[in-house]
Amino acid sequence: MSMTSTTTAAVPESAQASAAAAKRAARRRIASVWAGRIGLAVIAIGGWQACTTWGVVDPFFFGQPSGIAKRLVDLFQHGTEFGSFYSNIWTTIQEALIGFAVGALAGVVFGVALGQSRFLSDVLGPYIKMVNAIPRIVLGSIFIVAFGIGVLPKILLAAVLVFFIVFFNAFQGVREVDRNILANAKVLGASQTQIIRHVIVPSALTWIIASLHSAFGFAIVGALVGEVLGAQSGLGLVIKTAQNNFDPNGVFATMLVISVIVLGAEWLIGKLERRLLAWRPPAPSESNVL
Amino acid sequence: MAAVSNHTASRRADRAEREDARIEISGLTKRFLTPGGELFTALRDVTFTVEPGQFCAVVGPTGCGKSTTLSMVSGLDRPSEGSVKVGGREVDGITDGVSFMFQADALLPWKTVLGNVLMGPVFRGVPKQEAHASARDWLRRVGLTGFEDRYPHQLSGGMRKRVAMAAALINEPKILIMDEPFGALDVQTKAIMSTELLSLWEQIRPSVIFITHDLDEAVALADRVVVMTSSPGSVKAVFDIDLPRPRGSVQEIRFQPRFTELQHQIWDTLREEVERAYARTAGGTA
């Protein structure tokens with residue numbers, strides 16, 4: 001430590017110069033990345049706008065960026081025929097969040113339980129694989145038939161989709177627990193609950209958190225599909241209505257709102273991840289990506 | 001200081017209680033079913049005794065079932081035949097008052113240094129304040145004061161070993177089991193850690209079973225060296241090391257004539273086994 005500080009003190013000028021050069025290079029890189037990003041967006045959206053304006057593509061079928069923007073403002077200002085746009089957004093968020101929480105919790109509990117017990121996992125393993133092979137979106141129809149067109153079937157569908165993702169990750173995470181650490185905790189006198197709390201769950205957490213990122217996307221998909229199948233409120237219903245009215249701009253506008261919701265959730269999960277996994281050594285790739 | 005001498009006094013007082021730190025391994029046999037469905041004998045009829053407070057090193061070629069023996073002493077594994085008795089009582093489930101140190105780190109990467117050392121007392125239900133005080137005390141003893149809040153990945157290999165040592169000794173175990181604890185360290189760090197281990201061991205005097213490949217290390221540290229044969233593992237010879245204690249620096253003891261003499265004696269016994277084990281693996285690959 002003292003060695004490096006003395007060398008930097010001994011040659012301050014060249015060190016400062018090279019540090020400034022490195023900073024300049026980093027700034028240049030960031031600037032060019034942003035230029036690339038914005039340029040790409042301008043080309044994609046501008047191209048779409050141009051093609052629809054010049055009649056290469058019919059905006060009646062494929063929408064138009066300016067039309068989408070107008071429709072979006074209209075939706076927020078005048079709402080829909082089934083309540084304000086905000087209340088529809090809230091319905092979908094609610095369904096997705098509750099479904100996400102229920103599915104994730106159940107996934108963790110089952111994953112940890114089955115990952116621990118050889119017997120349970122041997123008995124239930126084939127059934128879980130079978131259920132996982134079912135196209136679960138279809139379950140939405142069953143839930144609607146069974147539970148009506150309220151929020152419950154959407155929550156259930158979202159929860160089912162989330163459950164399997166989180167479950168498989170938690171299960172794998174428990175299986176990957178270091179044998180030495182486990183043996184050490186046992187020898188130190190840990191009880192089974194202490195082992196779960198201090199060793200297994202923290203170890204599986206890396207896997208579980210990683211699965212939560214994709215799981216929230218699936219929670220939204222579950223809620224939306226449920227709403228498209230039958231609902232009184234929600235963004236899925238907005239999309240379905242727009243579809244029935246031959247209004248692609250309405251579909252795209254709602255899609256935009258949904259992606260903002262998912263990005264927001266992603267950001268929150270990212271924060272949670274950094275908080276819970278603060279102990280991890282920084283991965284070399286993490287420092288310069290995003 | 002006063003607290004420490006108090007400790008030693010109480011420890012002498014229950015010298016009788018320390019009789020339960022005797023490890024008697026008799027007729028220990030362990031067979032495994034290989035994935036191919038064959039019966040593989042890892043250990044056959046292993047018998048040796050570790051007296052209370054004795055430092056016993058086990059040396060032998062790779063794959064002679066040393067680690068398997070240890071897991072049966074700690075109660076993590078069950079013997080196929082024979083028995084392990086600790087303090088006259090047969091091992092059945094996790095042996096009480098045992099600590100383990102592995103070659104690989106068994107530190108929890110998600111706990112800080114302090115959290116890792118705290119594990120022993122926490123698992124035993126020691127009140128929080130008392131546990132913290134003794135964890136800090138042990139970190140001081142291994143020279144890691146000021147590193148309480150670091151995570152294991154922020155430490156060097158030698159420092160991680162010290163944390164593991166503090167974590168293993170904080171419960172003041174009557175038996176300390178070490179499976180090549182310093183195997184992954186460089187030579188200098190290994191010598192320093194061995195010396196530190198000796199001084200800590202002299203403070204609380206658990207019975208130690210110490211597995212190593214390094215014969216020098218075994219002779220420098222131990223009171224008794226058990227030489228094992230390979231596949232199936234069995235005891236070939238037992239040597240008592242009569243080098244005086246306290247031994248001080250592990251590096252310096254190597255130059256004593258008695259050390260060299262003992263080292264040669266044991267090596268003569270061990271060499272044959274090592275060569276046999278080597279010939280077998282080399283023959284297998286050729």
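So, confidence in chain A: this is a predicted model, and in chain A the weakest element is helix 1, residues 2-10, with a mean of 48. At the other end of the scale sits helix 5 of chain A, residues 85-116, where confidence is highest, at 93. Taken as a whole, chain A averages a pLDDT of 87, and 93% of the residues score at least 70. The start of the chain is the part to be careful with: over residues 1-8 of chain A the pLDDT is below 50, and beyond near neighbours in sequence that stretch has 1 contact in the model. The tail of chain A does something similar, since pLDDT stays under 50 over residues 286-290, with 1 contact beyond four places in sequence.

What about chain B? Chain B averages a pLDDT of 83, and 92% of the residues score at least 70. Its low stretch is residues 1-13, where pLDDT stays under 50 and the model has 0 contacts beyond four places in sequence. When you scroll past stretches like these on screen, remember that where pLDDT is low, the predicted coordinates should not be read in detail. For the model overall, the scores are ipTM 0.78 and pTM 0.76.

Okay, on to how the two chains meet. How many residues does the contact take from chain A and from chain B? The contact takes 16 residues from chain A and 19 residues from chain B. On the chain A side, the elements giving two or more residues are helix 9, residues 179-187, and helix 10, residues 192-229. Helix 9 of chain A gives the most to that side, with 7 residues. If you sort the chain A residues that touch chain B by character, you get 10 nonpolar, 5 polar and 1 charged.

Next, domains. Chain A is divided into domain 1, residues 2-57, and domain 2, residues 65-276. Their centres, taken over C-alpha atoms, are separated by 36 Å.

Chain B has a split domain: domain 1 of chain B is made of 2-97 plus 175-285, and domain 2 of chain B covers 107-172. Here 24 Å separate the two centres, again over C-alpha atoms. The contact between these domains takes 10 residues from domain 1 of chain B and 8 residues from domain 2 of chain B. On the domain 1 side, helix 6 of chain B, residues 187-204, gives the most, with 5 residues. That side divides into 9 nonpolar, 1 polar and no charged residues.

Let's stay with helix 6 of chain B, and look at its neighbour, helix 5, residues 157-169. The axes of helix 5 and helix 6 of chain B come within 11 Å and cross at roughly 15°. Helix 5 and helix 6 of chain B are therefore roughly parallel to each other, and helix 5 passes helix 6 in a right-handed crossing. If you want to click on the residues, G157(B), G158(B), K161(B), M165(B) and L169(B) from helix 5 meet T189(B), M193(B), L197(B), L200(B) and I204(B) from helix 6. This contact has 6 nonpolar, 3 polar and 1 charged.

Then there's another pair in chain B, helix 3, residues 113-123, and helix 4, residues 128-141. They pack at an angle of about 125°, with their axes 9 Å apart. Are they perpendicular or oblique? That angle makes helix 3 of chain B oblique to helix 4 of chain B, and the crossing is right-handed. Helix 3 of chain B brings V113(B), L114(B), V117(B), L118(B), P121(B) and V122(B), while helix 4 of chain B brings A131(B), S134(B), A135(B), W138(B) and L139(B). By character, this contact comes out as 10 nonpolar, 1 polar and no charged.

Last one, back in chain A: helix 7, residues 139-147, with helix 8, residues 152-175. Their axes come within 9 Å and cross at roughly 150°, which makes helix 7 of chain A roughly antiparallel to helix 8 of chain A. This crossing is right-handed. From helix 7 of chain A you have L139(A), G140(A), F143(A), I144(A) and F147(A), and from helix 8 of chain A there's L152(A), P153(A), L156(A), L157(A) and V160(A). These contact residues divide into 9 nonpolar, 1 polar and no charged.

How values were computed: Residues numbered from 1 in each chain as written. Chains lettered and ligands numbered in written order. Predicted model: local features only at pLDDT ≥ 70, side-chain atom pairs only at ≥ 80, totals over all residues. Contact = placed C-beta atoms within 7 Å. Helix = DSSP H or I, 4+ residues; strand = E, 2+ residues; numbered from the N terminus. Nonpolar A, V, L, I, M, F, W, Y, C, P; charged D, E, K, R; others polar. pLDDT = per-residue confidence, 0-100. Axes fitted to C-alpha atoms, helices over the stretch in contact; angles between N-to-C directions. Parallel < 35°, antiparallel > 145°, perpendicular 65-115°, else oblique. Left-handed = near helix turned anticlockwise from the far one by under 90°. Domains from an automatic or database assignment.
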